[in-house]
Amino acid sequence: MRDSVDDFLDQWAALRSDLDLEAMGAVGRLLRLHRLLDREVGGYFAGHGMERWEFDVLATLRRSDRPLTPKELAANVMVSSAALTNRIDRLAARGLVVREAVPGDRRSLYVTLTDAGRALVDSTVEGHVRNERRILANLSAQDCEELNRLLRTLVNTLEKDS
């Protein structure tokens with residue numbers, strides 16, 4: 001079965017038969033999947049009145065099950081501290097998180113879920129998981145396991161290099 005990436009690989013192959021296009025195909029598919037997955041996952045969250053990044057920050061706090069410093073939070077959501085400050089401001093304005101002083105350290109803050117933030121995460125996470133299962137519905141359990149194994153290898157390789 002062909003996909004949209006095969007079309008541009010065919011064009012390259014016709015022009016440059018000397019190129020090994022296997023890696024280009026894999027990376028091209030990953031990039032295409034990123035856009036498609038962003039649309040699918042983003043659509044789910046938009047239907048619940050939030051953006052994907054909002055769920056990411058709220059879910060990180062929820063699964064940590066404790067207040068986090070902005071530095072800890074930034075490491076888990078993989079954004080710059082400036083971007084995270086803006087995101088925390090926006091979530092705080094919606095009443096979903098609060099900043100609290102770290103006892104004994106007036107320069108440090110904790111970010112904590114409010115009851116409303118916890119309720120929002122808890123009310124959307126099950127549907128989010130169902131949506132992800134829907135996205136992968138054409139893959140068998142064994143296919144999903146193999147996909148996870150391959151992607152884990154790639155993530156570990158690229159994270160080591162950065």
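The following dialogue goes through a predicted model, from the whole chain down to one residue.

Student: What makes up the secondary structure of the chain, and how are the elements ordered?

Tutor: The chain has 7 helices and 2 strands. From the N terminus on, the order is α-α-α-α-α-β-β-α-α.

Student: Why is the chain called more spread out than a compact globule?

Tutor: Its radius of gyration is 20 Å, while the globule rule gives 15 Å for 162 residues; the value is well over the rule, so the chain is more spread out than a compact globule. Along the principal axes, the C-alpha atoms fill a box of roughly 65 × 35 × 25 Å.

Student: How much of the chain is buried, and what does the chain expose?

Tutor: Of the 162 residues, 25% are buried. The exposed area comes to about 11,400 Å², with carbon and sulfur atoms supplying 54% of it.

Student: What share of the contacts with a separation of 6 or more comes from residues 24 or more positions apart?

Tutor: Such residues account for 46% of those contacts.

Student: Which residues does UniProt list for "domain: HTH marR-type"?

Tutor: The UniProt record, an unreviewed entry, lists residues 17-156. In the model that span is 69% helix and 11% strand, and its end C-alpha atoms lie 32 Å apart.

Student: How do you know that the length of helix H2 agrees with the expected span?

Tutor: Helix H2 covers residues 22-46, which is 25 residues. The expected span takes 1.5 Å times one less than the number of residues. That should give 36 Å, and the end C-alpha atoms are 36 Å apart, so the two agree.

Student: Which residues of H2 are buried, and what do they pack against?

Tutor: The buried residues of H2 are Gly 25, Gly 28, Val 41, Tyr 44 and Phe 45. They pack against helix H1 (4-15), helix H3 (52-64) and helix H6 (115-135).

Student: Why is Thr 112 called buried?

Tutor: The cut-off for buried is under 20% relative accessible area. Thr 112 has 17%, so Thr 112 is buried. Its place is in strand E2, residues 105-113.

Student: Which residues is Thr 112 in contact with, leaving aside its neighbours within four places in sequence?

Tutor: They are Pro 67, Leu 96, Val 97, Val 98 and Glu 100.

Student: What makes the pair Thr 112 and Glu 100 a polar contact?

Tutor: A polar contact needs N or O atoms within 3.5 Å, one able to donate a hydrogen and the other to accept it. The side chains of Thr 112 and Glu 100 are joined at 3.0 Å, and this pair therefore counts as a polar contact.

Methods: Residues numbered from 1 in each chain as written. Predicted model: local features only at pLDDT ≥ 70, side-chain atom pairs only at ≥ 80, totals over all residues. Heavy atoms only, no water. Helix = DSSP H or I, 4+ residues; strand = E, 2+ residues; numbered from the N terminus. Buried < 20%, exposed > 50% of the residue type's maximum accessible area, 1.4 Å probe, protein only. Contact = heavy atoms within 4.5 Å. UniProt positions renumbered as here; feature names shortened; annotations may be inferred. Rg over C-alpha atoms; globule rule 2.2 N^0.38 Å. Areas by Shrake-Rupley, 256 points an atom, 1.4 Å probe, with all protein chains shown as cover.
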